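Visitor: Hi, I have just opened this one and would like a walk through it. Could you show it to me and then take my questions as they come?

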Protein chains: 2
Amino acid sequence: MMDKDKIKDIVRQKFTDYLTVKKCRKTPERFAILDMIYSIPGHFDMDSLNNAMNNEHFRVSKGTLYNTMQLLLDCKLVLKHQFGNSHSHYERAFNNDFHHHLICSQCGCVQEYKDNELKSMIQNKKIKRFTPSLYSLYIFGICGKCSAAMKRRKNNTK
Amino acid sequence: MMDKDKIKDIVRQKFTDYLTVKKCRKTPERFAILDMIYSIPGHFDMDSLNNAMNNEHFRVSKGTLYNTMQLLLDCKLVLKHQFGNSHSHYERAFNNDFHHHLICSQCGCVQEYKDNELKSMIQNKKIKRFTPSLYSLYIFGICGKCSAAMKRRKNNTK
DNA sequence: TTTACTGCAAATATTTTGCAATATC
DNA sequence: GATATTGCAAAATATTTGCAGTAAA
């Protein structure tokens with residue numbers, strides 16, 4: 001695993017390049033947001049990102065947060081997910097082992113699920129008249145905890 | 001392919017059974033919504049479903065629409081999707097060939113993508129401490145039309 | 001100096017909720 | 001007859017937009 005600061009340097013450079021190509025301005029807000037995102041280990045949503053920024057005493061407006069997130073999605077430094085429940089989830093995309101997602105229909109928890117066989121089969125598919133760039137696989141079901149809880153409840157009522 | 005009316009009968013029966021088990025009431029609104037959904041060929045959203053109901057002169061409130069949709073999701077007669085753009089999409093689940101989705105990042109269009117090899121690999125995965133019930137695979141990229149349009153634009157500027 | 005970007009607040013869109021009236025069981 | 005469900009309207013939530021001021025190029 002690469003050093004965290006090194007990763008931040010690389011993504012900052014990638015973002016700089018992207019902003020240059022797109023003739024967008026390199027504002028401190030944008031880089032502060034990118035930095036914060038690459039300090040968060042797992043998933044996050046807009047609200048938790050906003051709170052994290054506030055705690056670091058770098059307040060940005062909601063508008064700027066959404067604006068910057070769109071740029072980061074465009075240049076594939078961030079991935080966006082919508083697991084069925086209300087709001088969007090995000091995660092960093094660079095140097096983050098690609099994974100699928102297991103979503104519990106009972107408690108709503110989300111687990112990462114790595115499976116290279118699946119990954120390579122999906123990525124190697126040749127699709128007619130469509131050029132894929134990325135994909136999301138969401139598997140819905142019942143997580144271990146909820147499954148155990150249900151079993152316990154069932155035994156109690158016996 | 002089964003006859004459309006026969007399918008409607010079967011899903012109506014399935015919904016009846018579900019409502020009975022869950023001790024929920026069998027209201028005309030619920031069955032009218034189910035019927036309408038099974039009259040729509042492809043994807044739909046709440047707005048188009050609502051309009052379709054109005055055209056059939058069976059108006060139901062937004063609240064009832066969302067309430068009923070939740071029941072239909074629970075008993076797996078309907079599937080829900082969120083492709084990144086604003087609102088949720090739905091599609092009927094029974095007697096609807098399972099498929100994956102190709103989403104164009106440019107124009108936002110959604111195509112169905114059938115691949116049985118992929119389907120069976122995903123469905124046959126044994127996952128530790130997780131009991132899967134259904135899954136969604138979304139492949140994002142550029143559709144044929146947009147790809148052709150881009151190529152044309154590129155040639156024009158040459 | 002130009003104008004893209006920011007913060008703020010208001011607008012929009014989507015889904016949920018509270019409540020009185022109604023209809024199922 | 002009891003109460004789950006409905007319609008309606010208001011509330012909650014998430015995201016987008018308009019605009020005046022600020023700062024990047």
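**Protein, DNA and the contact between chains**

Guide: Of the atoms of DNA strand D that come within 4 Å of the protein, 75% are part of sugar or phosphate, while the rest belong to bases. Please keep in mind throughout that this is a predicted model.

Visitor: OK, which residues are closest to DNA strand D?
Guide: DNA strand D is surrounded by 16 residues, and the closest are Tyr66(A), Arg25(B), Arg30(B), Ser61(B) and Thr64(B).

Visitor: And what do the side chains there reach, phosphate or base?
Guide: There are examples of each: Tyr66(A) has a polar side-chain atom 2.6 Å from a phosphate oxygen of DNA strand D, whereas Arg25(B) places a polar side-chain atom 2.8 Å from a base nitrogen of that strand. A phosphate oxygen of DNA strand D also lies 3.1 Å from a polar side-chain atom of Arg59(B).

Visitor: Which elements give two or more residues to that surface?
Guide: They are α2 (28–37) and α4 (62–74) of chain B. By class, the surface near DNA strand D has four nonpolar, six polar and six charged residues.

Visitor: Now DNA strand C, how many residues surround it?
Guide: DNA strand C has 16 residues around it, and the closest are Arg25(A), Ser61(A), Thr64(A), Lys26(B) and Tyr66(B). Of the atoms of DNA strand C that come within 4 Å of the protein, sugar and phosphate account for 76%.

Visitor: What is the distance from Thr64(A) to a phosphate oxygen there?
Guide: An N or O atom in the side chain of Thr64(A) is 2.5 Å from a phosphate oxygen of DNA strand C. For Arg30(A), the distance from a side-chain N or O atom to a phosphate oxygen of DNA strand C is 2.9 Å.

Visitor: Which base atom of DNA strand C does Arg25(B) lie by?
Guide: A polar side-chain atom of Arg25(B) is 3.0 Å from a base oxygen of DNA strand C. As described above, Arg25(B) also has a polar side-chain atom 2.8 Å from a base nitrogen of DNA strand D.

Visitor: And which elements of chain A supply the surface near DNA strand C?
Guide: In chain A, α2 (28–37) and α4 (62–74) each supply at least two residues of that surface. The residues of the surface near DNA strand C divide into four nonpolar, six polar and six charged.

Visitor: Switching topic: how many residues does each chain bring to the contact between chain A and chain B?
Guide: Chain A contributes 35 residues and chain B contributes 35 residues. Between them the two chains bury about 2,900 Å², with 60% of that area on carbon and sulfur atoms.

Visitor: How many salt bridges and polar contacts go across?
Guide: Four salt bridges are found across the interface of chain A and chain B, along with 15 residue pairs in polar contact. On the side of chain A that touches chain B, at least two residues each come from β3 (100–104), β4 (110–113), α5 (116–123), β5 (130–143) and α6 (144–157) of chain A. Of these, β5(A) gives the most, with 14 residues. Sorted by class, that side of chain A has 19 nonpolar, ten polar and six charged residues.

Visitor: Which residues form a salt bridge across the chains?
Guide: One such pair is Glu117(A) and Lys125(B), whose side chains meet at 2.6 Å, N to O. Glu117(A) sits in helix α5 of chain A, and Lys125(B) in the loop between α5 (116–123) and β5 of chain B. Over all chains, the count of salt bridges comes to ten.

Visitor: Back to β5(A): does it run parallel or antiparallel to β5 of chain B, and what stands opposite Leu134(A)?
Guide: β5(A) and strand β5 (residues 130–143) of chain B run antiparallel and are joined by 13 bridges. Leu134(A) stands opposite Phe140(B), and Ile139(A) has Tyr135(B) as its bridge partner.

Visitor: Which way does β3 of chain B run along β5(B)?
Guide: Strand β3 (residues 100–104) of chain B runs parallel to β5(B), with four bridges joining them. Within that pairing, Phe140(B) is the bridge partner of Ile103(B). Phe140(B) is thus a residue you have met already, as it stands opposite Leu134(A).

Visitor: And what does β3(B) form with β4(B)?
Guide: They form a hairpin with five residues between them, and Gly108(B) in the turn has a positive phi of about 80 degrees. The pairing of β3(B) with strand β4 (residues 110–113) of chain B is antiparallel over four bridges, and His100(B) has Tyr113(B) as its bridge partner in β4(B).

Note on methods: Residues are numbered from 1 along each chain as its sequence is written. Chains are lettered from A and ligands numbered from 1 in the order in which they are written. This is a predicted model: local features need pLDDT of at least 70, side-chain atom pairs count only at pLDDT 80 or more; totals for chains, interfaces and linings use all residues. Side-chain values use heavy atoms; hydrogens and water are left out. Contact means heavy atoms within 4.5 Å. Buried area is the accessible area (1.4 Å probe) that two parts lose on being put together, summed over both. A polar contact is a pair of N or O atoms within 3.5 Å; within protein, one must be able to donate a hydrogen and the other to accept it, and residues adjacent in sequence count only if both atoms are side-chain atoms. Ala, Val, Leu, Ile, Met, Phe, Trp, Tyr, Cys and Pro count as nonpolar, Asp, Glu, Lys and Arg as charged, and the others, Gly among them, as polar. Two strands pair if DSSP finds at least two bridges between them. A residue is near a molecule or strand if one of its heavy atoms lies within 4 Å of it.
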